[in-house]
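Hi there,

Here is the structure I promised to pass on to you. My notes on what turned up in it follow below, grouped by region.

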Amino acid sequence: MKFGILVNEGPFNHQASDSAYQFAKAAIAKGHQVMRVFFYYDGVNNANKLSEPQSDDRNLVKLWGDMAKAHKVDLVVCVAAGLRRGIKDQVLAEGFRISGLGQLTELGIAADRLLVFGD
């Protein structure tokens with residue numbers, strides 16, 4: 001099955017990012033395809049390479065980037081939501097790219113299921 005994932009919350013203020021990551025990891029482990037993860041609203045903060053979680057905390061920015069590299073998952077940050085929150089190319093973590101809502105629409109059409117994490 002081909003999954004698309006929409007993440008609407010940041011990595012430090014809500015469970016949604018962790019849940020989305022764990023879902024994607026489990027889906028890939030079961031042989032499914034995660035076509036794209038689209039980060040919207042505060043979810044764009046998952047792509048900020050300047051974030052520095054404590055050493056004993058999980059680093060979702062790095063985990064998402066590692067997943068993209070290992071499994072060719074397309075990580076897309078909404079340009080409008082990113083600009084509102086200071087997420088530009090200069091602070092974009094490895095594995096992420098900036099694009100528009102057309103990528104989310106395309107994902108909704110191409111994926112078998114589009115799952116939304118966050119409010």
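Helix α4, residues 101–110, lies across five strands: β1 (2–7), β2 (33–39), β3, β4 and β5. Relative to β2, helix α4 runs at about 150°. Please keep in mind that this is a predicted model.

The strands under that heading deserve a closer look. β1 to β5 form an open sheet of five strands with parallel pairing, in the order β4-β3-β2-β1-β5. Which strands stand at the edges? They are β4 (96–99) and β5 (113–117), and because each has a single partner strand, one side of each is left without a neighbour in the sheet. On average, and ignoring direction, neighbouring strands of this sheet are turned by 25° against each other. As a general reminder, strands of a sheet pair through backbone hydrogen bonds, in either a parallel or an antiparallel way.

Two of the pairings can be followed at the residue level. β1 and β2 run parallel and are joined by six bridges, and Ile5 stands opposite Val37 in β2. β1 is also mostly covered, with five of its six residues buried. At β4, strand β3 (residues 74–78) pairs in the parallel sense over four bridges. There, Leu75 has Phe96 in β4 as its bridge partner.

Now to the helix pair. Helix α1 spans residues 16–29 and helix α2 spans residues 60–71; their axes come within 11 Å and cross at roughly 25°. Since angles under 35 degrees count as roughly parallel, α1 and α2 are therefore roughly parallel to each other. Their crossing is left-handed. On the α1 side, the contact is made by Ser17, Asp18, Ala20, Tyr21, Ala24, Lys25 and Ile28. The α2 side contributes Leu60, Leu63, Trp64, Met67 and His71. Sorted by class, the contact of α1 with α2 has eight nonpolar, two polar and two charged residues.

Two residues of α1 are worth following further. Ala20 is found in helix α1; is this residue buried or exposed? Its relative accessible area is 0%, so Ala20 is buried. Leaving aside neighbours within four places in sequence, Ala20 is in contact with Ile5, Val7, Trp64 and Phe117. One of these, Trp64, is 44 residues from Ala20 in sequence, and the two are 10.0 Å apart in space, C-alpha to C-alpha. Ile5, also on that contact list, is the residue that stands opposite Val37 in β2.

Tyr21 lies in helix α1 too. At 10% relative accessibility, Tyr21 counts as buried. With neighbours within four places in sequence left aside, Tyr21 is in contact with Leu60, Leu63, Trp64 and Met67. Those four residues are listed on the α2 side of the helix contact. Tyr21 and Ala81, by comparison, are 60 residues apart in sequence and 20 Å apart in space, C-alpha to C-alpha.

On to the backbone. Most residues other than glycine have a negative phi, and most peptide bonds are trans. Tyr41 has a positive phi of about 45° although it is not a glycine. Where is Tyr41 found? Tyr41 is in the loop between β2 and α2, and with a relative accessible area of 43%, Tyr41 is partly exposed. Lys72, which is not a glycine either, has a positive phi near 55°. Lys72 lies in the loop between α2 and β3. At 72% relative accessibility, Lys72 counts as exposed.

Last comes Gly118, in the segment after β5. Gly118 counts as partly exposed, at 26% relative accessibility. Which residues is Gly118 in contact with, leaving aside its neighbours within four places in sequence? They are Asn8, Glu9, His14 and Ala16. Gly118 and Ser55 are 63 residues apart in sequence and 25 Å apart in space, C-alpha to C-alpha.

That is the tour. Happy to talk any of it through whenever suits you.

Best wishes

Definitions and conventions: Residues numbered from 1 in each chain as written. Predicted model: local features only at pLDDT ≥ 70, side-chain atom pairs only at ≥ 80, totals over all residues. Heavy atoms only, no water. Pairing = 2+ DSSP bridges. Axes fitted to C-alpha atoms, helices over the stretch in contact; angles between N-to-C directions. Contact = heavy atoms within 4.5 Å. Parallel < 35°, antiparallel > 145°, perpendicular 65-115°, else oblique. Left-handed = near helix turned anticlockwise from the far one by under 90°. Nonpolar A, V, L, I, M, F, W, Y, C, P; charged D, E, K, R; others polar. Buried < 20%, exposed > 50% of the residue type's maximum accessible area, 1.4 Å probe, protein only.
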